[in-house]
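Walk me through this fold, one piece at a time. Where do the strands pair, how is a helix seated, and what fills the interior?

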Amino acid sequence: MKQLESDKITALYCRLSRDDEMAGESNSIKNQKSILSKYAKENNFQNIKFYVDDGYSGTTFTRPAFMEMMELAENGKIGTIIVKDHSRLGRNRLIVGQLLEEDFVRLNIRYIAIMDNIDSSKGLNDFLPIQDWFNEMHAKNTSQKVRAVLKNKGESGISLANNVPYGYKKDESDKTKWQVDETSSEIVKEIFNLFIQGHGTFEIARILRERKVLTPSEYNLSISRNSINQEYQYKWCGTTVAGILDRQEYIGDTVNFKSTTRSYKDKTRVTLPKEDRKIFKNTHEPIIDEYTWNIAKQLRNNRQKRAKSGKKSIFSGLLFCNDCSKKMYFQSPVVDLKAKDHYRCSSYKHDTSACTSHYISDEALQIIVLENIQRVVSYIKDYEDLFIKEQLAKSTQDEIKKISKSKRELEKAKNRVIEIDNLFMHIYEDNVSGKISDDRFRNLSFNYDKEQQELKLKIEQLSKDIEDTEKKDIDVTQFISNIKKYTEVNHLTAEILNELIEKIVIHQQEKIDGKKTQEIDIYYRGVGIIFFPVSMNDIEITINKILNKKTA
């Protein structure tokens, strides 16, 4: 049944963006409602209903109230739409033009913009498209100003994050600063500890769900309500845990320019490359020490899946092939129950011609590493001062050479990036003038762009290597501090390994004088190799010692 015109809704539409708030009270929702109500009353409009979008840009039309209004309009339930001024409808000239010239005509909707003296029942002014263009340019100019303000703010070291990271709260005396939140920061610490102990992100999420720990969003809601709501569902997921583990802010740093919007029209957020980000060190109190965060970061970068048997190696993310530098793949046999848990080179697993197996059993590896750690603990316990002197003496000359070489490579890479920019300008000019063809230009620009992206990654890595090498003395002290936690190590855990060891490099087995020999390089965090590689003969002696102790 067709709805009578008198029964149709008169929609009074209000919109206010965050940028419009700067214009003052004239654009406020309260002021818009007052003007619309007065106009509707004076002109005898009936069946009035307000539709309000507070905090939404005029360049987007996926606004909740606007979409609700248009859905009713499509169903023939709206007769008139009234706005305070034409820019309230929107600031995208193409979509506004389509609404006025096509959609409102098709739906038989009268459109009124009070302050601009627009009434579709009297016909639309020929200059209206120009007004729409000015409204859009206003949005563009405002966006550019806001971006400039944010850029200056971000480059000064003030955080650009709209929401304070879970574990922190805003300082009441200065809203730009963060303070540690005692309750949620303990959960952040626990997440990092669980991860270093060998628990995966999904497993940590399950633990938090079972303990009914509030998720970050639920916790913020409970703070705003000042109460715990029994309806909370504690929906922790692996992605949420991973996001916490990846946040550099937890070591006291501010990280700006991590993402941006595509344009003033498209508000979709896109992630910016790491080289475009600005990092400001020690801007607030840390929740996690940098040493722990770096361990978690390394484990995140080298994370491995469980074996088909469901087992997960305590060495996950720490083992690498000496020849191809790829990860060692953990295999826990399901069919052949007599076979031992072992490791093979991941390159060899996928292509036997790419590398050799570098096979080593999990049992043998655990015995070697355990004995090595026990030696280190005992040595540092008895000869701490000597160990520090040896480490500094061993590394000083090597580090000077390494830093010098890295700085030369860094300077060379930076100069090449600038050179490529200049080359690109030349080939662009040559293409415009007709000196080189479009195909030649595309090929050259593609190759230059590819080289430049690779150089940027190299610059980032070299900068990190230089920084890591320059803080070597701090790492030695931190390593000793961590070693002292373990007065006696009787068995290995993922936590011990991740805290003490940076990586373990496995060599291919060799036969020397008729005996099988396999070198294993154990790199300790901050100090590198402490003991020389172990031979297979030493493994057999060590295993026999342990077996004899058990039977004694």
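Two strands count as paired if DSSP finds at least two bridges between them. Keep in mind that this is a predicted model.

Start with strand β16, residues 501–506. It is joined to β12, residues 319–321, by 3 bridges, and the two strands run parallel. One residue pair here is C321 with its bridge partner I506 in β16. β16 also pairs with β19, residues 520–524. This second pairing is antiparallel and spans 5 bridges. Within it, I504 has I522 of β19 as its bridge partner.

C321 leads to the cysteines. How many disulfides does a search of the whole structure find? The search finds 0. C355 shows why one candidate fails: its closest cysteine sulfur, in C321, is 3.7 Å away, which is too far for a bond. A disulfide needs the two sulfur atoms within 2.5 Å. C355 counts as buried because its relative accessibility is 12%. C14 is buried too, at 0% relative accessibility.

Next, look at helix α6, residues 201–210. Which of its residues are buried? They are T201, I204, A205, I207 and L208. These buried residues cover an arc of only 160 degrees around the axis, so they lie on the same side of α6. The spacing has a simple background. An α-helix has 3.6 residues a turn, so residues three or four places apart point the same way. The face of α6 turned away from the buried side carries F202 and E210, both exposed. The cover over the buried residues of α6 includes α5 (182–196), α8 (238–245) and α9 (290–301). Just after α6, K212 takes a positive phi of about 55 degrees.

Now turn to the interior. The largest nonpolar core has 70 residues. Those that touch the most other members are W236, V369, I373, F479 and Y524. Helix α11, residues 362–382, gives the most to this core, with 8 residues.

F479 deserves a closer look. Setting aside residues up to four places away in sequence, F479 touches Y291, V376, I380, F387, L500, Y524, R525, V527 and I530. Of these contacts, Y524 is also listed among the residues that touch the most other core members. A second core is separate and holds 25 residues. Among them are F66, A73, V96 and L100.

Notes
Residues are numbered from 1 along each chain as its sequence is written. This is a predicted model: local features need pLDDT of at least 70, side-chain atom pairs count only at pLDDT 80 or more; totals for chains, interfaces and linings use all residues. Side-chain values use heavy atoms; hydrogens and water are left out. Buried means under 20% relative accessible area, exposed over 50%, partly exposed in between (1.4 Å probe, protein chains only). Helices (H or I, at least four residues) and strands (E, at least two) are DSSP runs, numbered from the N terminus. The arc is that of the directions from the helix axis to the C-beta atoms. Contact means heavy atoms within 4.5 Å. A nonpolar core is a set of buried Ala, Val, Leu, Ile, Met, Phe, Trp, Tyr and Cys residues joined through side-chain atoms within 4.5 Å.
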